[in-house]
Amino acid sequence: MDAEKLRDLSQPIDVALLDATVAAFYATGSKEERTSADNILRDLKANPDTWLQVVHILQNTSSTHTKFFALQVLEGVIKYRWNALPVEQRDGMKNYISEVIVLLTRDEASFRAERLYVNKLNVILVQIVKQEWPAKWRSFIPDLVKAAKTSESICENCMTILKLLSEEVFDFSKGEMTQQKIRELKQSLNSEFQLIHELCLYVLSASKRQELIRATLSALHAYLSWIPLGYIFESPLLETLLNFFPVPAYRNLTLQCLSEVAALNFGDVYNVQYVKMYSIFMNQLQAILPLNLNIPEAYSSGSSEEQAFIQNLALFFTSFFKLHIKILESAPENISLLLAGLGYLISISYVDDTEVFKVCLDYWNSLVLELFGSQHHTGHPALTPSLFGMQCQMTFLPCTVDGVKSEVTERHKLYSDPMSKLRGLMISRMAKPEEVLIVEDENGNIVRETMKDNDVLVQYKIMRETLIYLSHLDHEDTEKQMLSKLSKQLTGEEWAWNNLNTLCWAIGSISGSMVVEQENRFLVMVIRDLLSLCEVVKGKDNKAVIASNIMYVVGQYSRFLRAHWKFLKTVVHKLFEFMHETHPGVQDMACDTFLKIVQKCKRKFVIVQVGESEPFVSELLSGLATIVGDLEPHQIHTFYESVGSMIQAESDPQKRGEYLQRLMALPNQKWAEIIGQARQSADILKDPDVIRTVLNILQTNTRVATSLGTYFLSQISLIFLDMLNVYRMYSELVSSSIATGGPYASRTSLVKLLRSVKREILKLIETFLDKAENQPHIGKQFVPPMMDQVLGDYARNVPDARESEVLSLFATIINKYKVVMQDDVPLIFEAVFQCTLEMITKNFEDYPEHRLKFFSLLRAIATFCFRALIQLSSEQLKLVMDSVIWAFRHTERNIAETGLNLLLEMLRNFQNSDICNKFYRTYFLQIEQEVFAVLTDTFHKPGFKLHVLVLQHLFCLADSGSLTEPLWDAATIPHSYPDNAAFVREYTIKLLSSSFPNMTTTEVTQFVNGLHETRIDDGRFKENIRDFLVQSKEFSAQDNKDLYAEEAAAQMERERQRMLSIPGLIAPSETQDDMADS
């Protein structure tokens, strides 16, 4: 094939042949032709000499595809090899790209015709600038500005280049460049901005060319967020932008620029200018968009340009108010414009567009938080110190000066009207909470939700927080608006599914934010009205919607239900009623709500209430069969878990035992029947219907064990040995089926069913042992019988019949009974280790469940039975270490993280053991090499934090006194080192230099020395590694947020602590408040 000639780069490339090959790749020809062309083009891209032909290709081709191919080759060289090229080659390429751009943009016609090509050339030029400027191309900005003044089309393109440069340095630099390089580029741009500023002002004042003005505004938009403020406020720039705002062609771009200015915050220096800017802007806006206009309606029927205007307007107002609202409040003449702006923003918040609403919601959330904060500091009556976790008297709070208090009251008055409108907005647009399972589908039918929408859940959390602050600011107005809307549902005036849903979601969301008396009064009216609505409204769909809302609201107010037994009993009976309602989702939600309420109010059900003859749990157990009569098996399991929670709250062991016996009577009776028949003939256990019944009984037991913990002992003891016999029998059936039927037998319905029973038996035992208190006699009773029945069975089985739950069960047992299990570890090892490794190390895909659980078991052994690891033979220990290394090489995140955590555990334990020297002499270098391999490979970025910890451990260890013998092998390395730290440094430099030929030895040495110097400073050690990853170019053009995951997690924890301090902000249903259930 002629195209093969392209591989020979010893002479100028045949451009016509390259054009034909590129065309074949993009053409719709045969698959073979495309594949062949693809292989050749890939090889050319990979060849380090192809880039030398780029100029020749660009000069001789007219094909756009070929030009782009050549520029891709060049881009790779600039990103990864630029600094290794000779100076004359770098300068030649830099000058050539600049000349081509000038040539193509000199006149209008060629600029428009070659726009895509020019855009790509601009990107290439900016990539070169990032490498060369400022040190090696000091004149770049002056050269660019000078070229811009030669023609309007060149000027337009220069604006595009300036915009690209700003974005590369300020927006996309994190994880792409080292911290030092980013600082250098930012300082250079700042110091040379005067030339850019003058050019922009000149264009905006002198040019009449629409494309050029738009390009200039677009470039300015990229620069406004970081340039020195004098360029904005002490020059005609702001005035110029405001002059462009009323012009339709520039309105959106100007508004984006003004939003950037609004988002700047440098103290009070430019307050006067901000007020003037806002005032001029508002007067212009009212001429463009009258305040009384129905913005949501206009948005839905508007053009894309008009919709973009509303979106930009939301960004402008939210940016301005976030930082400068106080200066508008401070002068009486600005108040009307401030309120008008808030009016616009509330109107925009009703627009039916998720992104617009998110922008507005984010601001409303910050505003109400600020207003709440100022009010709370002056001793708001609803917020006593104890509610904030401050165990002190009011007298210890700082006294508030009357002036401050009146200022807060004035502020409160100023915002009372907008805040009242905002409450209406939040109530009418409340997002759906996670607990609600009943939704309206696209056809208007009420159905059970099939999938959670995470965006809606995030939005709900922010709206809930906002509404709680609004409720704290004015409880009366919140209550009044909610009750008024609810009464309109009853009268039918505003009856609609969506209206009732958002209202009830809002009512549920403010649980815990009112003082107890007010909440009680409010909720009595809400529940009364909702129950009345249930009686008044007809139709199955309508009733399902009301039922869903009743269940959601009562599920949120456990504090109220605990204090009002009659209401609690009425609600529970209503839930029992809903358990017979077969409308999709209603029974599920009734069972879920019942569980939620019982977990929060369990004590109430086991004591005899006033006017009752027996505890509610006893009454419930008498009518158990009737209550669950219409429920599906999975709903019955939830119900049984709920009753288990009630029984767990009973303190009298005799009563508790009696209740448990009554609860489990039905499943136990069925179990006894099946086991009795099996003793006559084991074949009964092979009947699919019987297998399903056994599975169902076991699942019921598991759910009760979940809620009862240790108190489940009497029940599990009753069925334990029979259960193990069933396990063994089903295991033999599965094994023989797979042995005779081959791998496909494992997919037959019978084998799947048998394995489900095996798994459920293991899950039941694991659940009980995990939840039970750490009592040695429980371990002695249950662990020995399982050694052969479960462990031996695992070892004897064919791979496809081994249950991964065996591994997690024994991990749970070791985590629970810790060092007590040490003598059993060799048996566990013998049964599961070798055979599981053979299953999971063939590739990265087979047996995914076994992988994770195997390493969890290994981690439990390493943590609590470490002596057992030390006693392994060298061969066995090598197997363990190889499996750990294999785990953290895994691309599945949770397996890799389990492997890394296990490795850290082992490294620390071995450091403190008798065989520290022997272990590290054998494995130190291998571990370091393997960790660097995954650290610098972009598939393993989520493990960054743990990679850093392992390396930090190794570097600290090399310099500590723990190692008393050299790490190097004197037999193979003739010269000795002064200490282990020096050896590790030299070894690491050699390792990285050979792995990253694109980095100089100096760069690598600097990095390794940095690791040694910063080994005890966590932050600097981590930053050093981040910079190395950027320098190595392995992480360029990637999403690098995983490298900063630890900082993000710390921020989330601080936020949670803040939320815990405000009543209602963490939903009562999410807090551990069992103490209150008394």
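# A walk through a helical chain

Start with Y847, which sits in the loop between α40 and α41 (848–864). Select Y847 and look at its backbone: phi is positive here, about 50 degrees, even though the residue is not a glycine. Is Y847 buried, partly exposed or exposed? Its relative accessibility is 24%, so Y847 counts as partly exposed. Keep in mind throughout the tour that you are looking at a predicted model.

**Stop 2: another loop, another positive phi**

Now select K818. You will find K818 in the loop between α39 (805–817) and α40 (825–840). K818 also has a positive phi of about 50 degrees, and K818 is not a glycine either. With a relative accessibility of 37%, K818 falls in the partly exposed class.

**Stop 3: a buried loop residue**

Move to N797, in the loop between α38 (776–796) and α39. Which class does N797 belong to? N797 counts as buried because its relative accessibility is 6%, and the limit for buried is under 20%. To see what surrounds N797, show S731, S735, K758 and R802 as sticks: N797 touches each of these, leaving aside residues up to four places away in sequence.

**Stop 4: zoom out to the whole chain**

Reset the view and colour by secondary structure. How many helices and strands does the chain have? There are 50 helices and two strands. The chain has 1078 residues, and buried residues make up 53% of them. Next, turn on the surface. The accessible surface comes to about 48,100 Å², and carbon and sulfur atoms account for 53% of that area.

Contacts tell you how the chain comes together. Taking contacts between residues at least 6 apart in sequence, 74% of them join residues at least 24 apart.

**Stop 5: the nonpolar core**

Hide the surface and select F281, F317, F321, W364, L620, F810 and Y920. These are the residues with the most contacts inside the largest nonpolar core, which has 350 residues. Pick L620 from this group and show its partners. Beyond residues up to four places away in sequence, L620 touches F576, F594, I627, F639, V643 and M646.

**Stop 6: two helices that cross**

Select residues 15–26, which form helix α1, and residues 64–80, which form helix α4. At what angle do α1 and α4 pack? The angle is about 100 degrees, and the two axes are 9 Å apart. An angle from 65 to 115 degrees counts as roughly perpendicular, so that is how α1 lies to α4. To see the contact itself, show L18, D19, V22 and Y26 on α1, together with H65, T66 and F69 on α4. Sorted by type, the residues in this contact are four nonpolar, two polar and one charged.

**Stop 7: just past α4**

Stay in this part of the chain and select L85, in the loop between α4 and α5 (87–105). L85 is buried, with a relative accessible area of 9%. Setting aside residues up to four places away in sequence, the residues that L85 touches are W51, V77 and R90.

**Stop 8: D541 in α26**

Jump to helix α26, residues 540–556, and select D541. At 25% relative accessibility, D541 counts as partly exposed. Try your viewer's distance tool between the C-alpha atoms of D541 and P584: their separation is 9.7 Å, and the two residues are 43 residues apart along the chain.

**Stop 9: F866 in α42**

Select F866, in helix α42 (residues 866–870). F866 is buried, with a relative accessible area of 12%. Which residues does F866 touch, not counting residues up to four places away in sequence? Show Q822, I861, M906, N909, F910 and S913 to see them. One of these contacts, M906, is 40 residues from F866 in sequence, with 8.2 Å between the C-alpha atoms.

**Last stop: E928 in α45**

Finish in helix α45, residues 916–935, by selecting E928. Is E928 buried or exposed? E928 counts as buried, at 1% relative accessibility. Apart from residues up to four places away in sequence, E928 touches L951, L954, F955, V984, Y987 and T988. Y987 is 59 residues from E928 along the chain, and their C-alpha atoms are separated by 10.0 Å.

Key
Residues numbered from 1 in each chain as written. Predicted model: local features only at pLDDT ≥ 70, side-chain atom pairs only at ≥ 80, totals over all residues. Heavy atoms only, no water. Helix = DSSP H or I, 4+ residues; strand = E, 2+ residues; numbered from the N terminus. Buried < 20%, exposed > 50% of the residue type's maximum accessible area, 1.4 Å probe, protein only. Contact = heavy atoms within 4.5 Å. Areas by Shrake-Rupley, 256 points an atom, 1.4 Å probe, with all protein chains shown as cover. Core = buried A, V, L, I, M, F, W, Y, C linked by side-chain atoms within 4.5 Å. Axes fitted to C-alpha atoms, helices over the stretch in contact; angles between N-to-C directions. Parallel < 35°, antiparallel > 145°, perpendicular 65-115°, else oblique. Nonpolar A, V, L, I, M, F, W, Y, C, P; charged D, E, K, R; others polar.
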